[in-house]
Amino acid sequence: MNKNRSAAERLRVVVVGAGFGGLSLAKGLARTDFAVTLIDRHNYHLFQPLLYQVATAGLSPADIASPVRSILRDQKNATVILSEVSGVDLTAREVIAEGQRIAFDTLVIATGAQHAYFGHDDWASFAPIFWLPPTSPLASPSNQINSSVGGSRV
Ligand SMILES: Cc1cc2nc3c(=O)[nH]c(=O)nc-3n(C[C@H](O)[C@H](O)[C@H](O)COP(=O)(O)OP(=O)(O)OC[C@H]3O[C@@H](n4cnc5c(N)ncnc54)[C@H](O)[C@@H]3O)c2cc1C
């Protein structure tokens, strides 16, 4: 990193979403001159491929959710903001997040995807579980399996 450039002179890269994409990008920019700001509505990175193990109570939700600030704690050019982004002001080049405006030179939106119900939104109530925060008791599929098998731990 060029130590001669002040923080104010550094190009500001704002990344929305600390999933696989956003987090990899933020880490990949560690040895650059950019000032990286990573914004997520959760304070953790969720390792989605292991959701199945949580669903069957093989792991606890905490095993697959790592605090974003811990992951990036040694990265001097990175700042983590816990906030839900609701819009982007392209003219002012600012991200709008819960009343804050975060200025950027380069913006990366890495907010993931949602599954489609192929026009059957009523199906969502039967298969919503993977998109709820893993720390929420409602999010644990094992709780739902639990209910359907009569309350014993799966
Ligand atoms: C059960 C399951 C198993 C999977 N198994 C595999 C596998 O084995 N191999 C594989 O390659 N892939 C697998 N995948 C897919 C993989 O997890 C996804 O492709 C990957 O997580 C997508 O990464 P992403 O960065 O695009 O989005 P995500 O990882 O979904 O991250 C998006 C982030 O954006 C944040 N966000 C969203 N909206 C906002 C907002 N408005 N403001 C602030 N933050 C916001 C979210 O909180 C989240 O942290 C699996 C997925 C699931 C659900």
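Visitor: When is a residue counted as near the ligand?

Guide: The structure shown is a predicted model. In it, a residue is near a molecule if its C-beta atom, placed from the backbone, lies within 6 Å of it.

Visitor: Which residues around the ligand come nearest?

Guide: The shell around the ligand holds 21 residues. By kind, they divide into 10 nonpolar, 8 polar and 3 charged. Those that come nearest are Gly-17, Gly-19, Gly-21, Gln-48 and Gly-112.

Visitor: Which element gives the most to the shell around the ligand?

Guide: Two or more residues of the shell come from each of α1, β2 and α2, the last of these spanning 51-55. With 3 residues, the element that gives the most is α1.

Visitor: What pattern does the chain follow along the sequence?

Guide: The chain has 4 helices and 9 strands. Read along the sequence, these elements follow the pattern β-α-β-β-α-β-α-β-β-β-β-β-α.

Visitor: In the open sheet of 4 strands, which strands stand at the edges, and why is one side of each left without a neighbour?

Guide: This open sheet has the order β5-β2-β1-β9, with parallel pairing. Each edge strand has a single partner strand, so one side of it is left without a neighbour in the sheet. The strands at the edges are β5 (78-82) and β9 (106-109).

Visitor: By how many degrees are neighbouring strands of the sheet β5-β2-β1-β9 turned against each other on average?

Guide: The pairing in this sheet is parallel. With direction ignored, the average turn between neighbouring strands is 15°.

Visitor: Which residue is the bridge partner of Val-13 in β9?

Guide: Strand β1, residues 12-16, pairs with β9 in the parallel sense over 4 bridges. In β9, the bridge partner of Val-13 is Thr-106.

Visitor: What angle does the direction of helix α1 make with that of β1?

Guide: Helix α1 (residues 20-28) packs on the sheet and touches β1, β2 (35-40), β5 and β9. The angle between its direction and that of β1 is about 155°.

Visitor: Which residues of α1 are buried, and what arc do they cover around the axis?

Guide: The buried residues of α1 are Gly-22, Leu-23 and Ala-26. An α-helix has 3.6 residues a turn, so residues three or four places apart point the same way. The buried residues lie on the same side of α1, because the arc they cover is only 95°.

Visitor: Against which elements do the buried residues of α1 pack?

Guide: The buried residues in question are Gly-22, Leu-23 and Ala-26. They pack against β1, β2, β3 (44-46), α3 (68-71), β5 and β9.

Visitor: Which exposed residues does the face of α1 turned away from its buried side carry?

Guide: A residue counts as exposed if 12 or fewer other C-beta atoms lie within 10 Å of its own. On the face of α1 turned away from the buried side, the exposed residues are Ser-24 and Gly-28.

Visitor: In the open sheet of 3 strands, which strands stand at the edges?

Guide: The order of this sheet is β6-β7-β8, and its pairing is antiparallel. Each edge strand has a single partner strand, so one side of it lacks a neighbour in the sheet. The edge strands are β6 (85-89) and β8 (100-103).

Visitor: Which residue takes a positive phi in the hairpin of β6 and β7?

Guide: β6 and β7 (residues 94-97) pair in the antiparallel sense over 4 bridges, and Val-85 stands opposite Ala-97 in β7. The hairpin has 4 residues between the strands. The residue with a positive phi, near 55°, is Arg-93.

Key. Residues numbered from 1 in each chain as written. Predicted model: local features only at pLDDT ≥ 70, side-chain atom pairs only at ≥ 80, totals over all residues. Pairing = 2+ DSSP bridges. Axes fitted to C-alpha atoms, helices over the stretch in contact; angles between N-to-C directions. Contact = placed C-beta atoms within 7 Å. Buried ≥ 20, exposed ≤ 12 C-beta atoms within 10 Å, placed from the backbone. Arc of directions from axis to C-beta. Nonpolar A, V, L, I, M, F, W, Y, C, P; charged D, E, K, R; others polar.
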